[in-house]
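This briefing goes through one protein chain for a reader at the bench. Please keep the sequence and the structure in view while reading.

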Amino acid sequence: MNYAEAIIVGAGPCGLSAAIELKNIGIEPLIIEKHNLVNSIYRYPTNLQFFSTPELLEIGNVPFTTPNEKPYRHEALVYYLKVAERYQLKINAYEEAIAITKQSDCTFLVTTRKTSGETVIYSSPYVIDATGYFDHPNMLGIPGEDLPHVSHYFQEAHPYAGMDVVIIGCNNSAVDASLELLRVGARVTIVHRGPVISEHIKPWVRPIFDSMVAKGLITMNLSSQVTTIEPDHVTIAAAEGQYIERLPCRFVLALTGFRPDRRMLEQTGVQLQEDREKPVFDPATMQTNIKGLYIAGVIASGRNANEIFIETGRGHGKLIAQHIQAQRTL
């Protein structure tokens with residue numbers, strides 16, 4: 001049995017921020033991370049530029065210095081690594097938390113599995129679930145979605161040079177991907193079930209995207225949805241069922257967003273709200289209905305995982321630390 005003063009599951013920005021806040025009140029936390037540090041940011045497209053300014057991404061009172069008005073992915077990776085090093089955070093990377101069990105009123109057992117297959121059990125009086133969502137894309141549930149030329153992730157454009165590519169969805173990730181694909185000569189078609197493009201597209205990107213659509217360099221299919229995916233084409237249908245069309249393509253990018261996985265919380269006994277899309281918790285403390293079990297970051301969001309960003313989730317750790325400190329003084 002391994003003991004930790006507190007255990008944080010997830011080494012994203014919100015998990016790191018929570019760890020720093022705990023250290024500030026004299027608690028040495030252990031962070032369990034099944035991938036690498038800030039894995040969700042690592043899996044962003046290589047050339048992604050954040051919507052936020054650098055000061056809104058800062059944690060631990062460490063300045064995020066950049067010559068750019070909006071920082072890029074590679075800058076954020078360096079920044080969060082430096083913050084973790086400065087605070088000497090203890091992070092067990094490539095170790096997955098698979099179960100959280102309430103042992104008594106003041107003890108949790110956290111079971112983990114290393115990449116070697118070894119199982120480890122930790123005990124702790126406090127557990128913070130700061131898991132993200134990038135491992136769980138919103139599936140379409142259509143035939144062919146599991147074919148090898150279909151991906152829910154876009155990393156960079158090079159593999160798609162000169163290819164016919166269908167993008168499903170029209171959020172920021174889809175727009176960014178379409179513009180990068182154009183630069184390598186890909187022929188891009190976007191299929192979007194909504195009647196209009198999202199109003200939340202980055203304002204400095206939207207005019208460029210609209211121009212590419214107006215010039216016919218990006219083909220838009222609004223009020224449409226992909227119904228089947230075949231090795232060399234997709235079938236799309238109008239949302240009202242007015243037409244069905246076969247569209248040749250070599251690759252499909254289903255950029256339909258992601259969702260948090262709350263199964264481990266449910267198995268621990270955390271209740272879900274009526275719509276079963278959000279855990280029951282106190283927003284003033286981030287504590288769930290189970291004493292000593294907290295949530296931080298996007299895991300606290302509802303159906304729309306984008307309702308909590310780094311900018312807002314980074315503050316959850318301070319609320320948790322304040323509550324724990326208050327409980328310890330009682």
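**Nonpolar cores**

In this predicted model, the largest nonpolar core has 64 residues, and L16, L22 and Y80 touch the most other members. A second, separate core holds 23 residues, among them Y160, I167, L181 and M220. As a general tendency, nonpolar side chains in soluble globular proteins are buried together.

- Y80 is in contact with P13, L16, L37, V38, I41, L57, I59 and I310, once its neighbours within four places in sequence are left aside.
- L16 is thus both one of the three residues that touch the most other members of the largest core and a contact of Y80.

**Overall build**

- The protein chain contains eight helices and 17 strands.
- Its radius of gyration is 22 Å, which agrees with the value near 20 Å for a compact globule of 330 residues.
- Taken along the principal axes, the C-alpha atoms fill a box of roughly 65 × 45 × 40 Å.
- Of the 330 residues, 51% count as buried.
- Contacts between residues at least 6 apart in sequence join residues at least 24 apart in 59% of cases.

**An open sheet**

- Four strands, in the order β1-β7-β6-β5, make up an open sheet with mixed pairing.
- The edges are β1 (2-3) and β5 (95-104); each has a single partner strand, so one side of each is left without a neighbour in the sheet.
- Strands β6 (residues 107-114) and β7 (residues 119-124) run antiparallel and are joined by six bridges.
- R113 stands opposite T119 of β7.

**N289 and its loop**

- N289 sits in the loop between α6 (263-268) and β17 (293-295).
- Is N289 buried or partly exposed? Its relative accessible area is 34%, so N289 is partly exposed.
- Not counting residues up to four places away in sequence, N289 touches G269, V270, Q271 and V280.
- Two of these contacts involve polar atoms of the N289 side chain: the side chain reaches the backbone oxygen of G269 at 3.2 Å, and one of its polar atoms lies 2.8 Å from the backbone nitrogen of Q271.
- The C-alpha atoms of N289 and L222 are separated by 43 Å, and the two residues are 67 residues apart along the chain.

**N221 and S52**

- N221 belongs to strand β12 (residues 218-221).
- With a relative accessibility of 12%, N221 counts as buried because the cut-off for that class is under 20%.
- Beyond residues up to four places away in sequence, N221 touches T189, I190, V191, H192, I236, Y243 and E245.
- S52 lies in the loop between α2 (39-42) and α3 (73-86).
- Although S52 is in a loop, its relative accessibility is 6%, so S52 counts as buried.
- The contacts of S52, leaving out residues up to four places away in sequence, are L57, K70, P71 and E311.
- L57 therefore appears among the contacts of S52 and also among those of Y80.

**Cysteines**

- How many disulfides does a search of the whole structure find? The search finds zero.
- C170 is in no disulfide, and the nearest cysteine sulfur, that of C249, is 17 Å away.
- A disulfide requires the two sulfur atoms to lie within 2.5 Å, so C170 and C249 do not form one.
- C170 is buried, with a relative accessible area of 4%.
- C14 also counts as buried, at 11% relative accessibility.

**Positive phi outside glycine**

- Y94 is not a glycine, yet its phi is positive, at about 55°.
- The loop between β4 (90-93) and β5 holds Y94.
- At 45% relative accessibility, Y94 counts as partly exposed.
- S223, likewise a residue other than glycine, has a positive phi near 50°.
- The loop between β12 and β13 (224-229) is the place of S223.
- Is S223 buried or exposed? Its relative accessibility is 19%, so S223 counts as buried.

Note on methods
Residues are numbered from 1 along each chain as its sequence is written. This is a predicted model: local features need pLDDT of at least 70, side-chain atom pairs count only at pLDDT 80 or more; totals for chains, interfaces and linings use all residues. Side-chain values use heavy atoms; hydrogens and water are left out. A nonpolar core is a set of buried Ala, Val, Leu, Ile, Met, Phe, Trp, Tyr and Cys residues joined through side-chain atoms within 4.5 Å. Buried means under 20% relative accessible area, exposed over 50%, partly exposed in between (1.4 Å probe, protein chains only). Contact means heavy atoms within 4.5 Å. Helices (H or I, at least four residues) and strands (E, at least two) are DSSP runs, numbered from the N terminus. A polar contact is a pair of N or O atoms within 3.5 Å; within protein, one must be able to donate a hydrogen and the other to accept it, and residues adjacent in sequence count only if both atoms are side-chain atoms. Two strands pair if DSSP finds at least two bridges between them. The radius of gyration is taken over C-alpha atoms; the globule rule is 2.2 Å times the number of residues to the power 0.38.
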